[in-house]
Amino acid sequence: MNIGLNACESEQLGSKMYHLISELYPICRSITGNGVRQTLHILQQYIPLEIYQVPTGTQVFDWTVPKEWNVRDAYVKNASGKKVIDFQASNLHLLNYSIPIHQTMSLVELKKHLFTLPEYPDWIPYRTSYYNENWGFCLTHNTLQSLEDGEYEVFIDTSLEAGYLTYGEYYLPGEIEDEVLFSCHVCHPSLCNDNLSGIALATFLAKHLSSIPRRYSYRFLFIPGTIGSITWLCLNESKTERIKHGLVISGVGDAGRMTYKKSRRGSAEIDQAVTHVLKHSGEEYAIEEFSPYGYDERQYCSPGFNLPIGRLGRTPFGQYAEYHTSADNLEFIKPGSLIDSMTKYLGVLEILEKNKRYKSTNPKCEPQLGKRGLYGKLGGEQDKKINEMAMLWILNYSDGKHSLLDIADQASIRFHLIHQIVEKLKSANLIEPLGTDDE
Ligand code: ZN
């Protein structure tokens with residue numbers, strides 16, 4: 001089985017992911033409502049995901065599924081009837097989850113409900129008020145400064161009513177029931193790196209995996225942040241035992257270096273696999289310890305679940321100026337970064353799929369490799385040396401206790417090469433895989 005992509009597939013995939021992001025970009029999403037439904041319906045054109053609807057008021061652990069929020073229109077008009085802030089121009093203008101209002105007021109009154117970014121006067125900030133009923137507008141600081149004293153008409157045509165929390169799920173069965181979980185958030189409006197990049201990567205990763213043989217089963221969740229993972233965990237608690245590895249996908253489209261945030265366990269196989277891929281990428285990367293702040297890993301890694309789930313992305317949220325602003329747009333993300341992130345994800349999956357333990361059939365002293373034709377048959381001098389080293393490491397540590405990834409790490413040799421050599425040693429009957437009984 002070959003999990004990776006060739007150069008031509010890579011290039012096409014980069015532009016396909018970017019295209020999907022462009023398609024989803026204009027939609028006004030939130031933690032509930034038609035924007036999420038519309039987004040999931042578009043994803044169904046790529047992968048056959050199931051859409052689930054959980055009614056408002058449903059108790060999920062310590063939380064309650066909120067009222068559903070939808071927007072028809074919103075604007076602020078000045079005294080001469082000109083729209084000075086218009087939701088139709090950018091969905092970021094409206095404070096997400098604003099309650100409806102239609103009222104005329106002074107600029108002083110209005111200003112209590114306006115949010116800007118003085119340090120980036122051309123950018124619109126992204127703000128929400130999910131669990132505290134409020135209304136407001138976000139705008140550029142330049143626009144704010146151009147507003148003159150006088151009366152303003154504020155019109156917010158939204159509904160906040162009993163409805164549903166909507167999420168998407170795609171389950172891909174494999175040879176075994178043990179699962180790998182991928183989770184991304186789908187609750188942000190026109191923001192590219194923060195939410196759309198993760199959605200695009202998850203979609204195309206799922207599509208790719210569906211076309212190749214799989215040892216593990218895979219589950220992809222497209223959920224609103226926080227309340228979505230809490231809801232899924234509450235409704236699917238019995239399935240969580242099957243989750244052996246997982247990643248929260250977010251911020252995978254910017255030009256920064258890759259960053260991995262470890263699972264709460266800290267030394268789970270997923271932590272080891274991602275570290276291995278980044279270490280051998282030859283590029284700069286960063287590894288963060290777990291902390292109870294961030295995206296949905298907060299819920300998956302809450303102590304009652306403590307799932308082996310980390311978060312793999314590029315520049316962490318809050319560490320780039322464009323984060324949660326109108327500058328996190330289609331120019332901020334790059335097809336090349338998307339495909340580079342995808343390549344890292346596939347590298348991790350290659351390890352998870354192939355990482356097994358073996359037992360040497362000749363544990364007493366080294367087997368004689370020369371008579372089996374295993375010495376120096378292939379490649380140049382450099383290749384020969386590293387292949388021989390890999391053979392010696394595998395034969396010595398195939399004691400049933402060390403996984404191939406353990407051996408690759410100990411030998412500082414790429415997992416990919418270790419696995420290739422394993423295939424040769426297997427053919428020569430020098431090692432044998434551990435049966436499930438031995439594990
Ligand atoms: Zn965000």
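Two residues are said to be in contact when heavy atoms of each lie within 4.5 Å. With that meaning, among the contacts in the protein chain between residues at least 6 apart in sequence, 79% join residues at least 24 apart. The structure is a predicted model, in which local features need pLDDT of at least 70 and side-chain atom pairs count only at pLDDT 80 or more, while totals for chains, interfaces and linings use all residues. Residues are numbered from 1 along each chain as its sequence is written, and side-chain values use heavy atoms, with hydrogens and water left out.

**The whole chain**

- The secondary structure comes to 12 helices and 19 strands, where helices (H or I, at least four residues) and strands (E, at least two) are DSSP runs numbered from the N terminus.
- Along its principal axes, the C-alpha trace of the protein chain spans about 95 × 45 × 35 Å.
- Of the 439 residues in the protein chain, 54% are buried, a term that stands for under 20% relative accessible area, computed with a 1.4 Å probe and protein chains only.

**Helix α12**

- Helix α12, which covers residues 415–427, has 13 residues and reaches 19 Å from its first C-alpha to its last, close to the 18 Å expected at 1.5 Å a residue, a span found by multiplying 1.5 Å by one less than the number of residues.
- The buried residues of α12 are Phe415, Leu417, Ile418, His419, Ile421, Val422 and Leu425, and these pack against several elements, including α7 (269–279), α9 (335–354) and β19 (431–433).
- After α12 comes Asn429, whose phi is positive, near 55°.

Note on methods
Buried means under 20% relative accessible area, exposed over 50%, partly exposed in between (1.4 Å probe, protein chains only).
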